[in-house]
Amino acid sequence: MDRVPVLTLGDVLLVSIQVDLEDQLALALQEDLSDRIVSTGARGVIIDITALDIVDSFVGRMLATIAAVSKVLDAETVVVGMRPAVAITLVELGLPLRGIRTALNVDLGLKLLRKTRIEAFAEPSADGRGGPAHDAPAAVDLP
Amino acid sequence: MDTETSARLSAVMVARRDAVLEKWTGSVRETMRGRLTKTELTRQLEDIYDALASAFGAGALTAESPAAADLLGLIADLSRLRARHGFTATETAISVFALKDALLDELDDSNATRLNDFVEFSLFVDKLGLHTFETYVNARDAVITEQSEQLLELSTPVVKLWDGVVAVPLIGTLDSARSQVVMERLLQMLVETGSPYAILDITGVPAVDTQVAQHILKTVMAAQLMGAQCIISGIRPQIAQTIVSLGIEFGEIVTKANLSDALQYALRASGVEIARPATRPATRPAL
């Protein structure tokens, strides 16, 4: 059976979907991805759908599921390379693909992942709670 | 029309050519009010007259007969030309119908067939008149189609404002066809330039109703699906009031009052800092 290849780029997994996704293939991809996230400790997943002419509700739900599963495993998912025609069709059909982050191309997808990670780390100190907690050990060490 | 009538008409037209042509040209010229030079008009009418005379000579009994094909071609050319030059339908039709009056005076009074000939001639010219109308309307339609296509091309430019920021200044009423073109152009441009920010400037849109808002929202959602953020700018006070009173929800879409604010937002969001150069101390050498 065909499988969609999953490439490792540093701590990001890159999946480029080149063929029409059928039920079996989609389920296999979902399994492969979650295995790989755990085994490589990846922090981000990029799914490239440049080659897809049609994104229907099935593919949409699969993308949402992958995003949710990755989120549970602490990896952000970004869908990249959606074609204009696909986007127009999805809007006309009223399928907004909730819960999926998107970027124009792989490059911007990587940037988005990097930015989210920086923000995630910056958050504790930004809202004031992280700051004192971080300073506390230093204060204990000093005397 | 029978062959004898057409032969008689042909004979009259050849014999009285100059007199009829002068009358015809004269009455057509009155309606043209100097928008066409006399030489040009005379040449056009002469061509048609001669074609008509030879059609009768060749035994054309109706306007559809093969002998009249040349004549119909000339008439079609004439009305196309008139349509392109902005003459009205009446002015164009008179160019043909005036021939009836011109010929009537020249028909032989003493001849018993005069009435019959004129009626037949009149029917023939009526056919030509219908053909004129047909061509005129078609030519006008072609002009309108061409122009609306050109308008569509002209009115939807996608411009790059900054590295990673593109803008579409929308001008004029947004209908389904136009918004479709705008949407496709914008999304294509996003892919080509890899710009994560797009600004839809609606300063030039005269009114926003639910339909227009729907189109704008669809464009914004499609751009978001592709991974770009859309900012709507150029919302005039009246339009803002209309939007609110119509109950249109823009939700999380960023809206700005003018293009400059939108650009500033996009730049800030993409991490570009804008600063005025600090006032420099007078480093210039004194003259």
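Two strands pair if DSSP finds at least two bridges between them. Keep that rule in hand for this tour of a predicted model.

**Stop 1: the whole model**

Load everything and colour by confidence. The model carries an ipTM of 0.71 and a pTM of 0.63. Chain B has an average pLDDT of 85, and 97% of its residues score at least 70.

**Stop 2: the hairpin in chain B**

Select residues 159–162 of chain B, which are strand S1. Add residues 165–171, strand S2 of chain B. S1(B) and S2(B) run antiparallel and are joined by three bridges. Show B:Lys160 and look across to S2(B): its bridge partner there is B:Val166. Now move to the turn. Two residues lie between the strands of this hairpin. B:Gly164 takes a positive phi near 90°.

Stay on S2(B) and check its surroundings. Is this strand mostly covered or mostly open? S2(B) is mostly covered, with five of its seven residues buried.

**Stop 3: across to S3(B)**

Select residues 197–204 of chain B, strand S3. S2(B) and S3(B) run parallel, with six bridges between them. Two residue pairs help to fix the register. B:Val165 stands opposite B:Tyr197 in S3(B). B:Ala167 stands opposite B:Ile199 in S3(B). Next, trace the chain from S2(B) to S3(B): the path goes through helix H7, residues 176–193 of chain B. This β-α-β crossover is right-handed.

S3(B) is also a mostly covered strand: six of its eight residues are buried.

**Stop 4: on to S4(B)**

Select residues 229–233 of chain B, strand S4. Which way does S4(B) run relative to S3(B), parallel or antiparallel? S3(B) and S4(B) are parallel, and five bridges join them. Show B:Leu200 and find its bridge partner in S4(B), B:Ile232. Trace the backbone once more. From S3(B) the chain passes through H8(B) to reach S4(B), in a right-handed β-α-β crossover.

**Stop 5: two helices in chain B**

Select residues 3–15 and 114–154 of chain B, helices H1 and H6. Their axes come within 10 Å and cross at roughly 90°. An angle of 65 to 115 degrees counts as roughly perpendicular, so H1(B) is roughly perpendicular to H6(B). Then show the side chains at the crossing. H1(B) brings B:Thr5, B:Arg8 and B:Leu9 to the contact. H6(B) brings B:Asn116, B:Asp117, B:Glu120 and B:Phe121.

**Stop 6: the interface**

Show both chains and select the residues where they touch. Chain B puts 15 residues into the contact, and chain A puts in 14. Which elements of chain B give two or more residues to the side that touches chain A? They are H7 and helix H8, residues 210–226 of chain B. H7(B) gives the most, with six residues. These helices have already appeared on the tour: H7(B) lies on the path from S2(B) to S3(B), and H8(B) on the path from S3(B) to S4(B).

**Stop 7: chain A as a whole**

Hide chain B. Chain A has five helices and five strands. From the N terminus, its elements follow the order β-β-α-β-α-β-α-β-α-α. Of its 143 residues, 31% are buried. Contacts reach along the sequence: among those between residues at least 6 apart, 73% join residues at least 24 apart.

**Stop 8: the sheet of chain A**

Select the five strands of chain A. They form an open sheet in the order S1-S2-S3-S4-S5, with mixed pairing. Strand S1 (6–9) and strand S5 (101–103) of chain A each have a single partner strand, so one side of each is left without a neighbour in the sheet. From one strand to the next, the twist averages 30°.

Zoom in on S1(A) and strand S2, residues 12–16 of chain A. Four bridges join these antiparallel strands. A:Val6 stands opposite A:Val15 in S2(A).

Now add helix H1, residues 23–40 of chain A. This helix packs on the sheet and touches S1, S2 and strand S3 (44–48) of chain A. The direction of H1(A) makes about 160° with that of S2(A).

Finish with helix H2, residues 57–72 of chain A. H2(A) packs on the sheet too, touching S3 and strand S4 (76–80) of chain A. Its direction makes about 150° with that of S4(A).

Conventions
Residues numbered from 1 in each chain as written. Chains lettered and ligands numbered in written order. Predicted model: local features only at pLDDT ≥ 70, side-chain atom pairs only at ≥ 80, totals over all residues. Buried ≥ 20, exposed ≤ 12 C-beta atoms within 10 Å, placed from the backbone. Right-handed = clockwise from strand over helix to strand, strands pointing away. Contact = placed C-beta atoms within 7 Å. pLDDT = per-residue confidence, 0-100. Axes fitted to C-alpha atoms, helices over the stretch in contact; angles between N-to-C directions. Parallel < 35°, antiparallel > 145°, perpendicular 65-115°, else oblique.
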